[in-house]
Each structure stands twice: as structure tokens, then as C-alpha cells.
Amino acid sequence: MPWDRPDIPDGLPPGVGTQQPYIDINSPGRTAEKMRDWATPISEATAIPLTALEAYGNAAEIQRQQHPECGIGWTTLAGIAAVETKHGRHGGASVAPNGDVRPKIRGPELDGTNGNRVIRDTDKGKLDGDTEYDRAMGPFQFIPETWMRYGVDANGDGVADPDNIDDAALSAARYLCVYSGGDMTTPEGWEKAVHAYNNHDEYVLKVRNYANAYSVNIRY
């Protein structure tokens with residue numbers, strides 16, 4: 001879709017969209033379900049799967065309560081997930097009601113071919129299933145080393161799982177807030193964080209475009 005629609009903003013950082021509601025982030029179970037009433041109309045307008053959108057709102061709200069200085073919007077998380085895996089739907093995968101993405105999404109071996117970096121195995125294949133090279137994993141395409149540093153449980157099952165979109169969304173939010181210098185509300189901080197996620201200008205622009213479209217509830 002060309003980036004010339006007058007009804008979609010092009011600002012940086014992208015708009016944060018319809019504010020997700022306050023929820024008790026410490027309640028047991030999948031707190032993302034508390035986002036359902038908020039997420040339903042946005043999902044219908046943007047074609048973001050409902051469970052995925054709940055995960056993005058949940059992650060943004062957890063960060064808002066725990067690290068308000070970061071200011072990350074759910075739209076940025078949605079933009080990254082859209083570019084990375086079509087919100088967990090790459091290759092025919094789908095997102096279950098508990099946030100699990102199946103079949104598991106795995107990137108190619110990071111063996112230096114096709115423009116990829118060379119990253120030899122860091123997890124003995126435990127996370128990505130590859131004992132020779134690392135592979136990006138799950139709806140937010142974490143590499144094992146990064147996941148082991150930033151991965152957290154967000155759906156209340158006690159396990160940090162890169163193939164669960166709740167866990168992956170919150171882990172991505174934590175990563176982005178760290179690499180923005182703790183402030184996603186400035187153009188510099190936002191760009192720095194998204195470049196850290198994927199250091200290509202084209203990638204950053206794609207994320208911006210998706211996020212801005214979602215900020216005004218438009219399918220992109």
C-alpha cells in the first residue's frame with residue numbers, strides 16, 4: 001500500500017492510538033484478556049487479530065505502570081509485529097486464545113547467507129531447535145541470546161515463551177525501552193530503539209507506517 005494516504009499521519013514517533021485502559025497488571029492469569037473491550041473495535045477496524053491486539057495493549061499498559069518514563073505505545077508494538085510476522089500469522093501460523101503461536105515461527109539459520117548475520121548457536125538448540133546456528137523465534141522474532149536477556153512471562157503461566165505473543169510483546173517493549181534510552185516519546189529515542197531491533201532504514205519506515213495507520217484505526 002503506497003504511503004500517500006492523506007488520512008494516515010506520518011509523524012515520528014508514531015501516534016499512540018486509542019489509549020489502552022488501566023488494568024490490574026498483578027492479577028492472576030492472562031491479564032491481556034482485560035483488554036478485550038478496548039481491543040475489539042480496534043481489531044475490527046485494523047484487522048489485527050484480537051488476541052494479538054490484547055497482547056500489545058497489555059504490554060504497553062504494564063510498561064506504563066512500571067516504567068512510565070518510556071512512553072511506549074501499543075501501536076509501535078503492533079507495527080513491529082506486523083512487519084516481523086503479520087501478527088503471528090506468518091507461514092500459516094495462528095494465535096491461540098492463550099497467546100500461543102502455532103506452528104512455531106522460525107527464521108532462517110543465521111549463517112551469513114542472504115544478507116543475514118552469522119550467529120552461531122547460543123542456546124544449544126533449546127529455544128530455536130537449531131544446534132548449529134541461531135534462528136529468530138516467535139511473533140516478535142527474538143534471537144535466543146536476546147530472549148535469554150529480555151524474555152519475561154506476561155500471560156501468567158510462569159514461563160517466558162518466545163512463541164507466546166503476550167510474553168513476546170512485553171519482552172519487546174522492555175527491549176525497546178532500554179534501547180531508546182528510556183524514552184520512546186522523542187523521534188530520536190524511538191528511531192534508536194527500532195534501529196536496535198532491526199538496523200535497516202527501510203524496516204524502521206515500515207514500522208512507522210504501520211504504527212501510524214494503527215494510531216488512527218486504519219488497516220494498513
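Helices and strands here are DSSP runs, at least four residues for a helix and at least two for a strand, numbered from the N terminus. With that in hand, Gly88 can be placed in the loop between H3 and strand E1 (94-95). The model is a predicted one, and the overall fold is a good place to start before coming back to this loop.

The chain carries seven helices and two strands. Going along the sequence, the order is α-α-α-β-β-α-α-α-α, with the pair of strands sitting between a run of three helices and a run of four. How does the overall size compare with that of a compact globule? For 220 residues, such a globule would have a radius of gyration near 17 Å, and the chain comes in at 16 Å, so the two agree. Along the principal axes, the C-alpha atoms fit in a box of roughly 45 × 40 × 35 Å.

Half the story is inside: buried residues account for 50% of the 220. Of the contacts linking residues at least 6 apart in sequence, 58% are between residues at least 24 apart. On the outside, the chain exposes about 10,100 Å², with carbon and sulfur atoms supplying 48% of that area. As for charge, there are 21 positive and 32 negative side chains, and the centres of the two sets are 2 Å apart.

Helix H3 (residues 74-85) deserves a closer look. Its twelve residues should span 16 Å at 1.5 Å a residue, and the end C-alpha atoms are indeed 16 Å apart, which agrees. Is this helix enclosed or open? Ten of its twelve residues are buried, so H3 is largely enclosed by the rest of the structure. The buried set runs through Trp74, Thr75, Thr76, Leu77, Ala78, Gly79, Ile80, Ala81 and Ala82, and also takes in Thr85. The cover over these residues includes helix H1 (36-46) and helix H2 (50-66), along with helix H5 (165-179), helix H6 (187-197) and helix H7 (201-215).

Just past the end of H3, Lys86 adopts a positive phi of about 55°. Then comes the loop that holds Gly88. Buried means under 20% relative accessible area, and Gly88 has 0% relative accessibility, which is why it counts as buried. What does Gly88 touch, apart from its neighbours within four places in sequence? Its contacts are Ala93, Ser94, Val95, Val101, Ile105 and Pro139. Pro103 lies 15 residues from Gly88 in sequence, and their C-alpha atoms are 9.7 Å apart in space.

Notes
Residues are numbered from 1 along each chain as its sequence is written. This is a predicted model: local features need pLDDT of at least 70, side-chain atom pairs count only at pLDDT 80 or more; totals for chains, interfaces and linings use all residues. Side-chain values use heavy atoms; hydrogens and water are left out. The radius of gyration is taken over C-alpha atoms; the globule rule is 2.2 Å times the number of residues to the power 0.38. Buried means under 20% relative accessible area, exposed over 50%, partly exposed in between (1.4 Å probe, protein chains only). Contact means heavy atoms within 4.5 Å. Accessible areas come from the Shrake-Rupley method with a 1.4 Å probe; for residues, only the protein chains shown count as cover. Lys and Arg count as positive and Asp and Glu as negative; His and the chain ends are not counted. The place of a charge is taken as NZ of Lys, CZ of Arg, CG of Asp or CD of Glu. The expected span of a helix is 1.5 Å times one less than its number of residues.
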